[in-house]
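Hi,

Here is the structure I said I would pass on. Have a look at it first, and then read my notes underneath.

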Amino acid sequence: MVSSMASVNSTSTANTSSSKGSKDGSSGSPGVPKPMPMAIMRNAHEVIRGAMQDIQEMLDQDDFENARKLWHELHRFTDLHMAMEEGRKGCNARGIFKLVDEHADDAAKKGKLRHSHETLYELEEDVVDIFEKAPDMDRAKDIFPIFRKENEAHLTEEEDILMPSIQKMMKQGLPIKQYIKTDILPVLTMKEDKHDLEFFIRFANQVLERHDNVDGKPRVRVFDHGLWALATAEEWKVWSVWIKESLSPEKYAEVEGVIEAFEQEQEAKKAAKEAPPVESVNLRGKSPVRSKSPKRDTKSKSPKRSSSPPKSFLGKMFGMGKAAAS
Ligand SMILES: [Fe+2]
Ligand SMILES: [Fe+2]
C-alpha cells in the first residue's frame, strides 16, 4: 500500500536526491509518517524472514545455486544483526541487549536472548555445511526448514521482549536515537574495508522490496526513513545512493516522497514557530497591544490519559502499524 502522501510527492521528487534538512524526527501529523530509527532493528527481522522464505522457495524449485547465493548473503546479514544485538568488542557498540538490560529491568538477560543465539549458531553451522562446505540439495531440503522454524521462533521471541522494553525506555524519555548511533551502528562501520554498512543497507532494501506491502506493511519506506533519521547530512548523501541503486525507481520515489513530505512538514512547523506574534490594532492611538493567549483553566481537568499505550502503539513505534502507512 503506497501512502497517498508518498504518491503525491513521488512524482515531484523522483529525480531529486532527498535533502537532509530539518530532521528532529520528533513529530509528524497523522498524514505524514514520522521516522522510527529503531526500524533498522525491527525491520531487519523482516529482511531475515523474507530471505528465508525466498531460499525455501528456491529449494522447492530445485534452484540450489540461487538458494546457496542468497544463503551466503543472509548469513552475513544475520551475523551483523546479531552483533547489533549482542554488541561487538573492538568498537564501542554495546548492542541492544545491553541497552534493554540497563534501562528495562534486565529484559534480555531474563528472556535468555543471548542463550537463544547460541542455539541458533549451532543450527546455523548445519546450514553452512549443506550450503557451503559440502553442498547437498537433498540435505538442504531437510535441514533448512528446521533452521528456518527455529529462527522464526527466535525473531518472534525477541520482538515480544524487546518491543515492550524499548517502549519502557521511550516512556522514560531516554535518547533512543542517540543510543542507536553510539551503541548499535558502530558494528556496521568498525571494519571499513568490509563495507558492512553498505552491504546491510543494500541487502535489506533488496529483500524488503520483494516482500513489501504483502500484508499492508510498508517495510522499505519504514526501514529507509529510520536510516534517514539516523544519518548526518553527509552520510545521507552516500546512504541514499545505495538505497536508490538497490530499489526499483518506483520504490525509491515512494521512499523519497515520504521523507520529503516529512521534511516539509517539519519546516512548516518551524516557520510557524518563528513567525512574529499577531498584534492587535489599537484604534485609540496607544501602542500596539499583544493579543493575550486565552487563560488556561487550571481547574478543569484534562481528559485522563490511559496509562497503557493504544494497541497500535507498538506497531507504530517499530513502523509496522498500518497507521504508519496512511
Ligand atoms: Fe537475535
Ligand atoms: Fe533480532
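Below is what I found in it, going from the whole chain to the core and then to two helix pairs.

One thing to keep in mind throughout: this is a predicted model.

Let's begin with the overall picture. The protein chain has 326 residues, and 37% of them are buried. Its secondary structure is mostly a story of helices: 14 of them, along with two strands. If you look at contacts in the chain with a separation of 6 or more, 73% are between residues 24 or more positions apart.

Now for the core. In general, nonpolar side chains in soluble globular proteins tend to be buried together. Here, the largest nonpolar core has 69 residues. The members that touch the most other members are Val-47, Ile-55, Ile-96, Val-100, Phe-200, Ala-204 and Phe-223. Helix α2 (residues 39-60) gives this core its largest share, 10 residues. Val-100 is a nice one to click on: leaving aside residues up to four places away in sequence, it touches Ala-107, Ala-108, Leu-162 and Ser-165.

Next, how does α2 pack against helix α7 (residues 137-171)? Their axes are 11 Å apart, at an angle of about 165°. An angle over 145° counts as roughly antiparallel, so that is how α2 runs relative to α7. The crossing is left-handed. From α2, the residues in the contact are His-45, Ile-48, Arg-49, Met-52, Ile-55, Gln-56 and Leu-59. They meet a stretch of α7 that includes Ala-140, Phe-144, Pro-145, Arg-148, Leu-155 and Glu-159. By class, this contact has eight nonpolar, three polar and five charged residues. Ile-55 turns up twice in these notes, as one of the core residues that touch the most other members and as part of the α2 side of this contact.

The other pair is helix α3 (residues 64-86) with helix α10 (residues 196-210), whose axes come within 10 Å and cross at roughly 115°. These two are therefore roughly perpendicular to each other, and their crossing is left-handed. On the α3 side you'll find Glu-73, Arg-76, Phe-77 and Leu-80, which meet Asp-196, Phe-199, Phe-200 and Phe-203 in α10. The class count for this contact is five nonpolar, no polar and three charged residues. Phe-200 is worth picking out too, since besides sitting in this contact it is also among the core residues that touch the most other members.

Have fun exploring it!

Definitions and conventions
Residues numbered from 1 in each chain as written. Chains lettered and ligands numbered in written order. Predicted model: local features only at pLDDT ≥ 70, side-chain atom pairs only at ≥ 80, totals over all residues. Axes fitted to C-alpha atoms, helices over the stretch in contact; angles between N-to-C directions. Helix = DSSP H or I, 4+ residues; strand = E, 2+ residues; numbered from the N terminus. Parallel < 35°, antiparallel > 145°, perpendicular 65-115°, else oblique. Left-handed = near helix turned anticlockwise from the far one by under 90°. Contact = placed C-beta atoms within 7 Å. Nonpolar A, V, L, I, M, F, W, Y, C, P; charged D, E, K, R; others polar. Buried ≥ 20, exposed ≤ 12 C-beta atoms within 10 Å, placed from the backbone. Core = buried A, V, L, I, M, F, W, Y, C linked by C-beta atoms within 7 Å.
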